[in-house]
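Dear colleague,

I am handing over the structure we spoke about, with the sequence alongside. Could you please look through it together with the notes that come after?

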Amino acid sequence: MVAHFVRLKLTLLGNTLRRSVWQTIGLVVALLYGLTVVTFLVGAAVAGGRTDPELTGQVLTVVGAAVVLGWWVVPLFAFGVDSTLDPLRFVTFAIPRRRLLAGLAVAGAVSVPAVVTLLAGLGAAFAWASDPAALGAALLGAVAAFALCLVGSRATTTLLAPLLDSRRYREVLMVVAIVPLLAIGPFFAWLGSGADRQVDASGVTVTATGPGEELLAGLATVADIASWTPFGAPWALAGAVHDGAWGAALARFAVVVVTLAAAALVWDRSLARTLVTPRGDGAATASRHGLGWFARMPATPTGAVAARCATYWIRDPRYAASLAMVPLLPVVMVAVGMSSGAGTGLLLVVAPIAAFILAIGPSNDVGFDNTAFALHVSAGVPGRADRWGRVVPVAAVGVPLVVAFAVAAVLVSERWDTLPALLGLSLGVLGVGLGVSSVASARLVYPVPKPGESAFKTPQGATMATLVAQMVAFLVVAVLTAPTVVLALLGIFGVGAAYGWAALAVGLVSAGVVLVLGVRWGARVYERRLPELLTQVTAFA
């Protein structure tokens with residue numbers, strides 16, 4: 001049964017690659033990048049193990065704990081629940097749940113992140129090659145950590161999948177996830193302030209004499225804490241064996257076994273509930289009155305598209321998920337700035353980041369339309385009307401919001417001299433990003449969650465296509481805004497006030513030019529690829 005699931009996963013992957021050249025390119029690039037990272041990390045770990053095993057063990061524990069934690073948390077907010085082998089598709093086959101669980105677990109290892117994680121873990125274990133017992137413990141810990149990654153990721157996503165179908169729970173979960181992010185800055189500030197006060201083996205307090213020693217002391221503190229958590233315990237097994245602390249090694253191994261068993265139990269119970277209890281589609285049930293935005297927009301093709309897109313941005317949780325970070329950006333920057341010593345100056349980056357998030361939002365609007373895109377085809381919506389209709393709602397909200405962020409940032413940080421540069425950079429990123437998105441949404445269409453589905457669910461074959469499309473859009477925006485960025489940085493860092501005004505002028509001009517040209521180019525691509533776009537979004541349904 002397990003082998004059948006693996007063959008099915010490989011077959012689905014092969015079909016996806018044959019259907020899309022871009023996904024094949026993305027897979028090859030991801031593999032090469034992953035293997036490069038693995039080679040570098042393994043080489044650094046082996047070299048470090050020969051020179052300073054204690055420090056190497058601490059670094060491996062901290063980095064490994066971050067990797068396992070990332071496997072558990074990141075899918076909920078970035079790539080979503082992998083639906084390549086959706087358990088609901090096997091309901092009618094009456095497969096015993098334990099066999100289904102084992103098959104899904106092993107099939108989950110057939111992915112680039114899983115392969116990279118396993119190779120990195122096994123390779124890093126050879127940092128302890130000089131100690132056979134520690135090497136064996138490291139290999140065991142790497143396998144256990146990999147199992148924790150797979151099973152823990154499935155447990156969290158399956159457990160929270162019903163909640164993620166509800167917009168209220170999605171918003172609560174997003175806020176809860178921000179809390180650890182806000183705590184990162186104060187945590188490292190605490191390490192920096194307290195790392196110079198350590199207690200040696202005799203109980204005497206000693207003081208670090210330099211920033212390097214403070215960093216090493218802080219790393220030792222973090223590694224010691226992480227080694228007793230489920231995330232860092234498997235990576236700390238080798239260090240304990242190397243030091244002869246067999247009791248600590250057994251205790252950490254017990255933490256790993258108990259956590260793995262608990263995660264498997266949670267996944268099993270959640271899977272059982274999913275198989276017998278159908279989830280709602282997450283659609284809104286509240287009654288709506290009137291025409292909404294359609295009554296407020298002009299009765300033109302552009303107005304109709306703009307009204308529909310404005311409705312999406314307000315009501316569709318898939319759009320809301322991508323915008324949830326925008327209102328929290330100032331809070332995050334204030335917390336990080338206060339704890340790191342940078343002060344309120346970090347608020348100056350809020351407006352450009354918010355502008356980029358808003359501008360890149362419509363880059364896959366056609367994909368989000370799903371089967372509703374057929375209305376554009378049947379109604380013969382002109383390309384320019386479609387492109388401008390998608391840009392107008394974002395620009396109407398984005399321009400005042402970005403300006404407000406920029407003014408608030410210079411007001412709080414008392415850097416009024418940076419206002420022209422900051423406005424030029426932020427509005428330039430917004431305009432250029434919207435122009436690039438107008439082309440990208442007509443050319444780089446990739447699968448997204450269907451209407452009514454959880455915004456955190458990843459359709460089959462979407463991960464690589466999403467990464468490639470967003471990376472291309474990011475690089476184009478970066479290149480087109482480079483002159484504005486350089487001038488803005490010169491103005492912000494006090495090289496000369498003239499650079500700030502030049503950044504404002506260049507930013508506004510580049511925003512207007514790229515936006516107009518992007519809409520026109522996107523309109524031509526849209527009209528030329530209309531049948532192909534309809535075929536693509538229909539295949540996503």
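The notes below cover the salt bridges, the buried elements, the cavities and a surface patch.

Please keep in mind that this is a predicted model, in which local features need pLDDT of at least 70 and side-chain atom pairs count only at pLDDT 80 or more, whereas totals for chains, interfaces and linings use all residues. Residues are numbered from 1 along each chain as its sequence is written, and side-chain values use heavy atoms, with hydrogens and water left out.

The structure holds seven salt bridges, a salt bridge being a side-chain nitrogen of Lys or Arg within 4 Å of a carboxyl oxygen of Asp or Glu. In one of them, the side chains of arginine 390 and aspartate 369 meet at 2.6 Å, N to O. Because arginine 390 lies in helix H18 and aspartate 369 in helix H16, this pair ties together parts that are 21 residues apart in sequence; helices here are DSSP runs of H or I with at least four residues, numbered from the N terminus. Arginine 390 also meets aspartate 386 in a salt bridge of 2.9 Å, N to O, and these two residues both lie in helix H18, four residues apart, which is about one turn of the helix. Salt bridges that share partners join Arg308, Asp365, Asp369, Asp386, Arg387 and Arg390 into one network. Within it, aspartate 386 pairs with arginine 387, the closest N and O atoms being 2.5 Å apart.

Several of these charged residues are buried (under 20% relative accessible area, with exposed meaning over 50% and partly exposed in between, for a 1.4 Å probe and protein chains only). Aspartate 386 has a relative accessible area of 0%, arginine 387 has 1% and arginine 390 has 3%, while aspartate 369 is buried as well.

Helix H15 (350-360) comes before the loop that holds asparagine 364, and nine of the eleven residues of H15 are buried, so this helix is largely enclosed by the rest of the structure. Asparagine 364 is itself buried, with a relative accessible area of 1%, and its C-alpha lies 7.0 Å from that of alanine 440, although the two are 76 residues apart in sequence.

The structure holds three cavities of 30 Å³ or more. A cavity is, on a 1 Å grid over the protein atoms alone, a set of points where a 1.4 Å probe fits but cannot get out, and its lining residues have an atom within 4 Å of a point. The largest cavity has about 80 Å³ of space, and helix H5 (112-124), helix H6 (132-164) and helix H9 (233-242) each give two or more residues to its lining. That lining includes Trp128 and Trp235, and by class it has nine nonpolar, two polar and no charged residues. The second largest cavity, of about 50 Å³, is lined by residues including Arg387 and Arg390. H19 gives the largest share of this second lining, four residues, and its classes are three nonpolar, three polar and two charged.

Finally, Val407, Leu411, Val412 and Trp416 make a nonpolar surface patch of about 370 Å², where patch residues have over 30% relative accessible area and no salt bridge, and nonpolar side chains are joined within 5 Å. Tryptophan 416, in the loop between helix H18 (383-413) and helix H19 (419-443), is partly exposed, with a relative accessible area of 46%.

With best regards

Terms used
Patch = residues over 30% accessible without salt bridge, like charges linked within 9 Å, V, L, I, M, F, W, Y side chains within 5 Å. Areas by Shrake-Rupley, 256 points an atom, 1.4 Å probe, with all protein chains shown as cover. 1 Å grid on protein atoms, 1.4 Å probe; cavity = no way out; pocket = protein on both sides within 12 Å on 5 of 7 lines; lining within 4 Å. Points joined across faces, edges and corners; volume = space filled by probe spheres on them. Nonpolar A, V, L, I, M, F, W, Y, C, P; charged D, E, K, R; others polar.
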